[in-house]
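Please open the model in your viewer and keep the selection panel at hand. The tour below goes from one selection to the next and says what is found at each stop.

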Amino acid sequence: MAKKILIIHGPNLNLLGKREPKIYGKFSLAEINKSLLALAKKNKVDLKTAQSNHEGEIVDLFGESKGKFDAIIINPAGYTHTSVAIRDAIVACGIPTIEVHLSNIYARESFRQTSLIAPVCKGQISGFGSLSYILALEAAIDICKSKK
Ligand code: DQA
């Protein structure tokens with residue numbers, strides 16, 4: 001059976017392309033998802049994409065994912081720096097999770113330089129624009145392949 005990967009885009013990422021393009025790039029979320037789905041297809045993995053502006057909904061996505069996905073990629077966006085609830089949900093679901101950011105959060109305001117999420121993830125990719133997502137998907141595919 002094909003391995004399954006879930007990608008969760010957090011708050012305001014529905015505005016990509018229009019929102020601060022100098023920081024977050026010119027690509028829309030639909031364009032980013034399209035290239036991720038193409039890469040997933042090429043590698044014969046099932047990719048599901050989700051976006052939510054709501055912390056509780058993101059917590060629910062992790063809860064519902066237990067046993068259903070082999071890896072999860074999340075851009076927690078603004079919740080990166082504040083959400084104990086999302087961090088706890090990642091630990092509770094037990095699925096290897098990769099944190100991704102378009103911008104380099106360590107080169108920005110001090111409040112963005114702390115991630116509550118990264119310590120409970122397999123790893124973090126930050127600063128490569130839309131390429132960050134491709135790199136994260138490559139890492140997730142690698143996790144799936146090593147699970148067999
Ligand atoms: C972001 C970085 C966050 O600090 C910010 O709140 C975002 C996007 C990124 O992808 O660079 O919304 O996660």
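Select H81 together with the ligand: in this predicted model, a polar side-chain atom of H81 lies 2.7 Å from an oxygen atom of the ligand. Add H101 to the selection, where a polar side-chain atom lies 2.8 Å from a ligand oxygen atom, and then S103, whose side chain places a polar atom 2.6 Å from an oxygen atom of the ligand. With these three contacts on display, consider the ligand's surface: on its own the ligand has 320 Å² of accessible area, and the protein covers 98% of it.

Next, widen the selection to the residues that surround the ligand, which are R19, Y24, N75, A77, G78, H81, H101, L102, S103, I105, R108 and R112. Coloured by class, this shell divides into four nonpolar, five polar and three charged residues.

Now hide the ligand and turn to the space that holds it, for the ligand sits in the largest pocket, in which there is about 160 Å³ of space. This pocket is lined by 15 residues, and those closest to its centre are R19, Y24, A77, G78 and R112. As a last step, colour the lining of the largest pocket by class, and you will find six nonpolar, six polar and three charged residues.

Technical notes. Residues are numbered from 1 along each chain as its sequence is written. This is a predicted model: local features need pLDDT of at least 70, side-chain atom pairs count only at pLDDT 80 or more; totals for chains, interfaces and linings use all residues. Side-chain values use heavy atoms; hydrogens and water are left out. A residue is near a molecule or strand if one of its heavy atoms lies within 4 Å of it. A polar contact is a pair of N or O atoms within 3.5 Å; within protein, one must be able to donate a hydrogen and the other to accept it, and residues adjacent in sequence count only if both atoms are side-chain atoms. Accessible areas come from the Shrake-Rupley method with a 1.4 Å probe; for residues, only the protein chains shown count as cover. On a 1 Å grid over the protein atoms alone, a cavity is a set of points where a 1.4 Å probe fits but cannot get out, and a pocket is an open set with protein on both sides within 12 Å along at least five of seven lines; lining residues have an atom within 4 Å of a point. A molecule sits in a cavity or pocket if more than half of its atoms lie within 2 Å of its grid points. Ala, Val, Leu, Ile, Met, Phe, Trp, Tyr, Cys and Pro count as nonpolar, Asp, Glu, Lys and Arg as charged, and the others, Gly among them, as polar. Grid points are joined across faces, edges and corners, and a volume is the space filled by probe spheres set on the points.
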